[in-house]
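Visitor: Before the terms are applied, I should like to see the model itself. Please show it, and then explain how its descriptions are justified.

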Amino acid sequence: MLLSLPWCLAPTVVLIAISLHQAYLWDSYQRVQHQLLKRQPLADSPVVPTIHAGHRPLSRAQSSPATATVSLPAQDTQLSLCFAGLVYDSVMLKHQCSCGDNSNHPEHAGRIQSIWSRLQERGLRSQCECLRGRKATLEELQCVHTERHVFLYGTNPLNRLKLDNGKLAGILSQRMFVMLPCGGVGVDSDTIWNELHSSNAARWAVGSVTELAFKVATRELKNGFAVVRPPGHHADPSTAMGFCFFNSVAIAARQLQQKGKLSKILIVDWDVHHGNGTQQIFYRDPDVLYISLHRHDDGNFFPGSGAADEVGAGPGEGFNVNVAWTGGLDPPMGDPEYLAAFRTVVMPIAHEFSPDVVLVSAGFDAADGHPPPLGGYKVSAKCFGYMTKQLMSLAGGAIVLALEGGHDLTAICDASEACVSALLGNELDPLPEESMRQKPNPNAVRSLETVIQVQSKYWVALQRFASKLDVGAPRSLCALL
C-alpha cells in the first residue's frame with residue numbers, strides 16, 4: 001500500500017517512535033560490534049609526506065532500481081608512494097530495515113561487514129592505508145542531486161532541527177512511502193528506508209568515496225577501494241531507486257571536476273545492472289567518459305536502460321559507452337565474454353580517452369553465485385582482479401573502486417579480495433587457461449559487434465575492428481579476438 005505521509009504532527013511522532021525503536025535495536029547490536037572492532041581498531045591515518053611535482057524491473061523489484069581546490073600532479077610525476085587506500089565505517093551498517101530480517105533484503109549490512117572481515121583475514125587490510133571516511137555535506141550532494149532530493153534523503157529528524165527551513169517543511173510534506181510486506185518502510189518496494197539511520201549511512205558512503213577519490217587524484221594514495229553501502233549508481237538527480245539514494249561515484253567525479261580541476265574522468269561500471277543514474281548525470285558531459293558492462297536483454301532486465309545506441313547527447317555525444325549484453329542466460333556471460341569486452345571495447349576506448357583518474361562502480365552481482373533475478377552471470381573473482389589490473393594501466397594507476405551491488409556474500413568477498421590484491425600489486429592467481437583461450441559465446445559476439453559499430457563513429461581505436469566486421473556473419477568478431 002502506498003502511503004502519502006505529510007511530515008508533521010502525529011505521523012512524525014509515529015515514525016520517530018519507529019526510528020527510535022530501530023535505533024535501540026541497532027545500538028544494542030553495535031555495542032557488540034564495537035567490542036569486536038576494538039580488537040582490530042582502525043588506525044588514524046598517518047601523515048603522508050607531500051609528493052612534490054616533478055525499465056523493466058527484476059522479479060523482486062517493482063521500481064526501476066568539502067575540500068579546498070586542489071591540483072593534480074603532472075602526469076609525468078615520479079611517485080614513490082605505494083599505499084593502496086581502504087575506506088569503511090560501521091555507520092553504514094545502521095541502514096537496515098526495521099523488520100531485522102536480512103533474508104527479505106538482499107542489500108543488507110552483512111555485505112560490507114563480510115568484505116571488511118575477509119580483507120582482514122587475508123592480511124590485506126594491514127597492507128593498506130585505512131581511512132575512516134566522512135559524511136558528505138548537503139552542498140556536495142547538491143552538485144549532482146536536486147535540492148528537494150537532498151532534503152528528502154539527506155536529512156533525518158535529528159539534524160532537521162538544525163536546518164529550520166520553511167522550504168524543508170514543504171518538501172517533507174510531499175513524502176511518499178511504501179509499506180513493505182516485511183512490516184518495514186521503503187521509498188519503493190525494494191529500497192528500504194530507516195528514518196533515523198539511512199540518511200547518515202548514504203551520506204557517509206558518498207563522503208567516503210569522495211574522500212578516497214581526492215587522496216588518489218592528488219597522489220596522496222596510489223589507488224583505493226571503498227567498502228561502502230548503500231550503493232549509488234541507480235540514483236539519478238531526483239530519484240532514489242534500486243537500493244540507491246545518492247550517486248556516490250557521480251558525486252565524487254563532479255567534486256573532482258569542480259574542486260580538483262580534473263579535465264578527464266573515466267567511470268567504468270561493471271555492476272550487472274546498468275547505472276542509469278550515472279549515465280543520466282553525465283550524458284551531456286564530454287569530460288566524463290562512462291563505460292558500462294551490464295545485462296540488458298533488449299531492455300528486459302532491470303533497470304531497462306543502457307542500450308548500445310545510448311551514446312550521450314550534445315557535447316557529450318560519444319562519451320557514453322554501453323556494452324549491453326543480450327540473450328539472457330542462454331548461455332550466461334562469464335570470463336571469456338568480459339575479457340573480450342575489455343580487449344575490444346573498454347581498454348581501447350579508455351586508452352584513447354587518456355583519463356586523469358579512473359573511478360569504478362564495482363558491483364559484483366555479475367559474479368558466479370548470483371541467482372538469475374540478481375544477475376545469473378558466471379564471472380569469476382579472478383576475472384574481476386584481472387580487469388582491475390588492466391584499468392591500473394590508465395591514469396598513472398590512479399584508480400578508485402567503490403562497491404555497488406553484489407549480494408552473494410562468498411562471491412562478493414572473493415571478488416573484493418581479488419581486486420584489492422590487484423590494487424596492492426600482488427601477483428594474481430592466473431585465470432584458467434580455458435578462460436583465456438575460449439571464444440565468447442554467440443550472444444556476446446553480437447553484443448560486442450553492435451557496440452563496436454555504434455562507437456566506431458567516435459573512437460579511432462574501434463575503427464580497425466569495425467572495418468573488418470561483416471555484420472551479417474555470425475561470430476565474425478571471433479576472428480579478430
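Guide: A residue is called buried when its relative accessible area is under 20%. The model shown is predicted. In strand β7 (residues 265-269), five of its five residues are buried.

Visitor: What makes β7 mostly covered, and which way do its residues point?

Guide: Each of the five falls under 20% relative accessible area, so the strand is described as mostly covered. Ile265, Ile267 and Asp269 point one way, whereas Leu266 and Val268 point the other way, and all are buried.

Visitor: How do you know that β7 pairs with strand β8 (residues 288-295)?

Guide: Pairing requires at least two bridges, and β7 and β8 have five, in the parallel sense, so they pair. Among the partners, Asp269 is matched with Ser292 in β8.

Visitor: What makes β7 and strand β10 (residues 357-362) a pair?

Guide: The requirement is again at least two bridges; five join these parallel strands, and therefore they pair. Asp269 stands opposite Ser361 in β10.

Visitor: What lies with β7 and β8 in the right-handed β-α-β unit?

Guide: Helix α9 (residues 276-281) completes that unit.

Visitor: How do you know that the span of helix α10 (residues 335-353) agrees with its length?

Guide: At 1.5 Å a residue, its 19 residues should span 27 Å; the end C-alpha atoms are 25 Å apart, which agrees. Nevertheless, α10 has a kink of about 45°, centred on Phe342.

Visitor: Why is α10 called mostly covered?

Guide: Buried means under 20% relative accessible area, and 16 of its 19 residues are buried, so the description holds. Just after α10, Ser354 takes a positive phi of about 55°.

How values were computed:
Residues are numbered from 1 along each chain as its sequence is written. This is a predicted model: local features need pLDDT of at least 70, side-chain atom pairs count only at pLDDT 80 or more; totals for chains, interfaces and linings use all residues. Side-chain values use heavy atoms; hydrogens and water are left out. Helices (H or I, at least four residues) and strands (E, at least two) are DSSP runs, numbered from the N terminus. The expected span of a helix is 1.5 Å times one less than its number of residues. The bend at a residue is the angle between axes fitted to the seven residues ending there and the seven starting there. Buried means under 20% relative accessible area, exposed over 50%, partly exposed in between (1.4 Å probe, protein chains only). A crossover is right-handed if, with the strands pointing away from the viewer, the path from the first strand over the helix to the second runs clockwise.
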